[in-house]
Structure formats: C-alpha cells, structure tokens
Amino acid sequence: MAHRTRPTPRICPACDGFASAAITFGGRDARGHLRTITAHCPACHGTGTATARRDREGAHA
C-alpha cells in the first residue's frame, strides 16, 4: 500500500524560515531576568513557511 507524503513546506523568502526573534530591551527586571519581546515576520506571521503560489490559468508574465 502506497503512503501519501506531504509536499515539503515552502520556506518564507522574507525571513528564510527564522520567523520569530527574541529582542532584548538591554536591561534586567528586579528579579534579574532579561526583558525581551518577540518579533514575528510580517510576511508569514511567525510560521516560517510561505503559501504556495498558484498561477492563474491564462495569466501571462
């Protein structure tokens, strides 16, 4: 019986698959922890993959 495989996901061209990054504020809080925020790629919304583009039938470049 043949197993169906999923196609490999396309890597986002804007972030090269590194969709999220932790950015420090440069200081520490009262407990000594680094204060960070998480920034997500605006193109893929933090998933790291891009949707497959489907060319419309009859479209010319």
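Strands here are DSSP runs of at least two residues, numbered from the N terminus. With that in hand, let's walk through this predicted model, starting with the overall layout. The protein chain has zero helices and four strands, and along the sequence these give the pattern β-β-β-β.

Before zooming in, a few values for the chain as a whole are handy. Of its 61 residues, 11% count as buried. The protein chain exposes about 6100 Å², and carbon and sulfur atoms supply 52% of that area. Contacts can also be sorted by how far apart the partners sit in the sequence: among those with a separation of 6 or more, residues 24 or more positions apart account for 48%.

A good place to begin the close-up is I11, found in strand 1, which covers residues 10-11. I11 counts as exposed because its relative accessibility is 56%, and the cut-off for that class is over 50%. Even so, I11 has partners to look for on your screen. Leaving aside residues up to four places away in sequence, I11 touches D16, G17, G48 and A50. One of these, A50, is 39 residues from I11 along the chain, yet the C-alpha atoms of the two are separated by 5.8 Å.

Another of the residues that I11 touches, D16, deserves a stop of its own. You will find D16 in the loop between strand 1 and strand 2, the latter spanning 20-28. The backbone here may catch your eye: D16 has a positive phi of about 55° although it is not a glycine. Most residues other than glycine have a negative phi. As for its surroundings, D16 counts as exposed, since its relative accessibility is 56%.

Where else does a residue have a positive phi although it is not a glycine? Look at H45, whose phi is about 60°. H45 is placed in the loop between strand 3 and strand 4, with strand 4 at 49-50. Its relative accessible area is 65%, so H45 is exposed.

Finally, turn to the surface. Which residues make a nonpolar surface patch of about 280 Å²? They are I23, F25 and I37. I37 lies in strand 3, which runs over residues 34-40. With a relative accessible area of 39%, I37 is partly exposed. Residues need over 30% relative accessible area to be part of a patch, so I37 at 39% passes that cut-off.

Technical notes. Residues are numbered from 1 along each chain as its sequence is written. This is a predicted model: local features need pLDDT of at least 70, side-chain atom pairs count only at pLDDT 80 or more; totals for chains, interfaces and linings use all residues. Side-chain values use heavy atoms; hydrogens and water are left out. Patches are made of residues with over 30% relative accessible area and no salt bridge: like charges are joined within 9 Å, nonpolar side chains (Val, Leu, Ile, Met, Phe, Trp, Tyr) within 5 Å. Accessible areas come from the Shrake-Rupley method with a 1.4 Å probe; for residues, only the protein chains shown count as cover. A salt bridge is a side-chain nitrogen of Lys or Arg within 4 Å of a carboxyl oxygen of Asp or Glu. Buried means under 20% relative accessible area, exposed over 50%, partly exposed in between (1.4 Å probe, protein chains only). Contact means heavy atoms within 4.5 Å.
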